[in-house]
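Let's take a friendly walk through this protein chain, from one strand outward to the cores, the helices and the empty spaces. Keep the structure open beside the text as you read.

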Amino acid sequence: MIKTNRRTFSILIPALALILLTLLSACGEQTEPPAPPADSTAVPEPVPNCIIVGGEQTYQIIRAERGDSVEIDAAQALQNGILTASGASLTLTDDWYRTEEEIPPYEILVGEVNRAETREAMAELNYHDFIIRMDGQKLVVLGATPAGTDRAVDYLMENLLTETGLTLPADFCYIDRGAYTADSISIGGVPISEYSIAYEKKGNLEHAQLLHRILGEYCGVNLPVVEVKANEAGENLLVIGNGTHNTTEFYAYFVLRQGSCIYFDAYDRYAYGNAFLAVVDKLKANGGQVELSALNFSYTLPDREAYLEDPSLLYMRWAAEWETPEWMLDYELKKKELFGGSGTRDVWVNAHRADHTYYPENSLESIISCYYMGVSIVELDLAITRDGVIVLMHDETLTRMTNVADYLGKPGYPNSANVSAWTYAQLQELYLKDNQGGASAPLTKFKIPTLEEALTVCRGRLFIVPDKPSLWQYIDTTAVMKDSDPNFLFPLMQKTGNYASILVSYGKPNGAFLSVTQAAEIQSALHKASGVTPFILLRCSPSASVSNYNILSKRAPGTFAFQLHGNYDPKTNYTEGTRPNLDKCTFAAWTIGTGASDNDFVENWRKLADDGVRLIMTNDPMGMVKFAAAYHNP
């Protein structure tokens, strides 16, 4: 909902008008205000400070008593918009009355209210459609979904409401039709419109609504969602969580056909989403038709080695939420635009500890998620086991992120929770806690990964910023990082054939970063050993970036970017002093923080992007890739 536009209706802001036109072109067949009907001469002249709809009556605005919050906000916004535009103050009330006789004659019905006019209009709508229609003495403003109602209100206020009020002919009707991947689909020869989505337990209503949305977005169908009793017989039902399998198996889902009904069971909401998407994939592969016999299948978590070799075998928990643009997956484009500069207008994402929104931080699975989501760089924390294996773990101890408490002090296991006290084999007995861990975090079936595994997955896909530089060195050089422990990263680059993913970025263990000459020395040593020139993400102040650019552009053109020091402060010009170089190299920043210093949200990303920053480190990679996709200007 474009609330600012509504509440300051008399001020037409060009940027918001552009957003509205974009929404209309994406979702509707009609993008211009509708022409007046043929009998528009019969429309009465506007009366100042009065809302006129097919006559001179002042209307009430009606919303559902227990309506969706989006529709309630839309009704409120319409009331405010009318007041701002015309000075008319309309009553806003809900749709509950004791008897039909009490219902007032003149109403603006916003959203799915309990009126016959609304029900009749809803029957004409597909999933992304909305309608604005006079029906007798009622004005229906309705979308097939709450988001559709939201768009309908926006359209009404942008195109139909004037400073003298709202004047519409008695036969007015405007329908905005959505665009869908498929015009029609069927299951076993039965049109999908003859199916209903059913659930038995209240806890599965959310999953039923998700299936409703996925099918609606695919083909426009607006299926009813109904509650049924356990084991209740029926036909043409898509039944959610009826206990056919009652699966508690981590990451699994099942799809089973019985008669004309299809049953879904899954581990959690993410698994349900992927089960529904799997059915849609079958429909897409067969021109919108699928036989009942094809709807007997399941998914269980593959062996780790399988999706290490082929990451596409691991379904993404966020798949029902986001479809990644192809350009965000283009590794060659990332190299071209991130390093050495190319005048790119795109924003690229650096995920702090990878994707810990949907997966455990620093996990192999979170790295895979970042790639398919559209992230470019993952910042990973390195730790060393007792037997010298480099693994990914942020803390010195295993307590926050694993179930180490179940093993401490037991025969064959250390008494200490420090990573350095455990061998790699012992660590593989543990499971990672989800997201950022902690006492209440659920336990997954995911394991602590090695840097070798991360390099394998990232090859040709992602770049890596390795953290905790006191524990490792890039390569055996005589002077650079000589105070760090000599756990060299280069042998793992050799083993995996991935010399390009690890960025030369962090430096000395005392908190000091690499100087420009030290970064160039490491780059040169890696090139001499491998024949491949790795990329540099040099950390420096804005003022130092000019001189550093002059040095690196001569020694290693096209292989570096600048990470500007410090958490972003929205009160400053973050790239002050760097503008002469904005078209020559890429500038990076980070918005992660805690408490008052947390600047990790879209308004600050936009400020940075508008100021020329093209790579941003975040704790919210999904939020930022969505922002970056919207910011994209091909």
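A good place to begin is strand β21, where F463, V465 and D467 point one way and I464 and P466 point the other, and all of them are buried. Five of the five residues in this strand, which spans residues 463-467, are buried, so the strand is mostly covered. Please bear in mind that what you see is a predicted model.

Which strand does β21 pair with? Strand β19 (residues 377-384) is joined to β21 by five bridges, and the two run parallel. Within this pairing, V378 has I464 of β21 as its bridge partner. V378 also turns up in the largest nonpolar core, among the residues that touch the most other members.

**The nonpolar cores**

The largest nonpolar core holds 146 residues, and those touching the most other members are L238, Y253, F264, V378, L451 and Y474. Helix α7 (residues 269-285) gives this core its largest share, nine residues. A second core, separate from this one, has 27 residues, including A74, I82, I132 and M157.

Y253 is worth a closer look. Leaving out residues up to four places away in sequence, Y253 touches D265, A266, A271, N274, A275, A278, F297, S298, Y299 and Y315. Among these partners, A271, N274, A275 and A278 lie within the residue range of α7.

L451, another of the residues that touch the most other members of the largest core, belongs to helix α12 (residues 451-458). Because seven of the eight residues of α12 are buried, this helix is largely enclosed by the rest of the structure. The buried ones are L451, E453, A454, L455, T456, V457 and C458. After α12 comes G460, with a positive phi near 75°.

Now to A152, which sits in helix α5 (residues 146-159). Is A152 buried or exposed? Its relative accessibility is 0%, so A152 counts as buried. Setting aside neighbours within four places in sequence, A152 is in contact with F130, I131, I132, V141 and L142. One of these, I132, is a member of the second core. F130 lies 22 residues from A152 in sequence, with 5.9 Å between their C-alpha atoms.

**A three-stranded sheet**

Elsewhere there is an open sheet of three strands in the order β10-β9-β16, with mixed pairing. Its edge strands, each pairing on one side only, are β10 (190-191) and β16 (289-290). Strand β9 (residues 186-187) pairs with β10 in the antiparallel sense over two bridges. In that pairing, I187 stands opposite V190 in β10.

**The empty spaces**

I187 leads on to the next topic, as this residue also helps to line the largest cavity. How many cavities of 30 Å³ or more are there? The count comes to one. The largest cavity is lined by I187, I192, L211, L215, L238, F264, F276, V279, V280 and L283. Two names here, L238 and F264, are familiar from the residues that touch the most other members of the largest core.

The largest pocket has 27 lining residues, and the closest to its centre are L277, K284, A319, W322 and E323. Here is how the two spaces look by volume and by the share that α7 gives to each lining.

| Space | Volume | Lining residues from α7 |
|---|---|---|
| Largest cavity | about 70 Å³ | four residues, the largest share |
| Largest pocket | about 910 Å³ | seven residues, the largest share |

Helix α6 (205-219) joins α7 in supplying at least two residues each to the lining of the cavity. For the pocket, the elements that give two or more residues to the lining are again α6 and α7.

**The chain as a whole**

Stepping back, the protein chain contains 17 helices and 25 strands. It has 634 residues, and 53% of them are buried. Of the contacts with a separation of 6 or more, 68% are between residues 24 or more positions apart. The chain exposes about 27000 Å², with carbon and sulfur atoms supplying 49% of that area.

Definitions and conventions:
Residues are numbered from 1 along each chain as its sequence is written. This is a predicted model: local features need pLDDT of at least 70, side-chain atom pairs count only at pLDDT 80 or more; totals for chains, interfaces and linings use all residues. Side-chain values use heavy atoms; hydrogens and water are left out. A nonpolar core is a set of buried Ala, Val, Leu, Ile, Met, Phe, Trp, Tyr and Cys residues joined through side-chain atoms within 4.5 Å. Buried means under 20% relative accessible area, exposed over 50%, partly exposed in between (1.4 Å probe, protein chains only). Contact means heavy atoms within 4.5 Å. Accessible areas come from the Shrake-Rupley method with a 1.4 Å probe; for residues, only the protein chains shown count as cover. Two strands pair if DSSP finds at least two bridges between them. On a 1 Å grid over the protein atoms alone, a cavity is a set of points where a 1.4 Å probe fits but cannot get out, and a pocket is an open set with protein on both sides within 12 Å along at least five of seven lines; lining residues have an atom within 4 Å of a point. Grid points are joined across faces, edges and corners, and a volume is the space filled by probe spheres set on the points.
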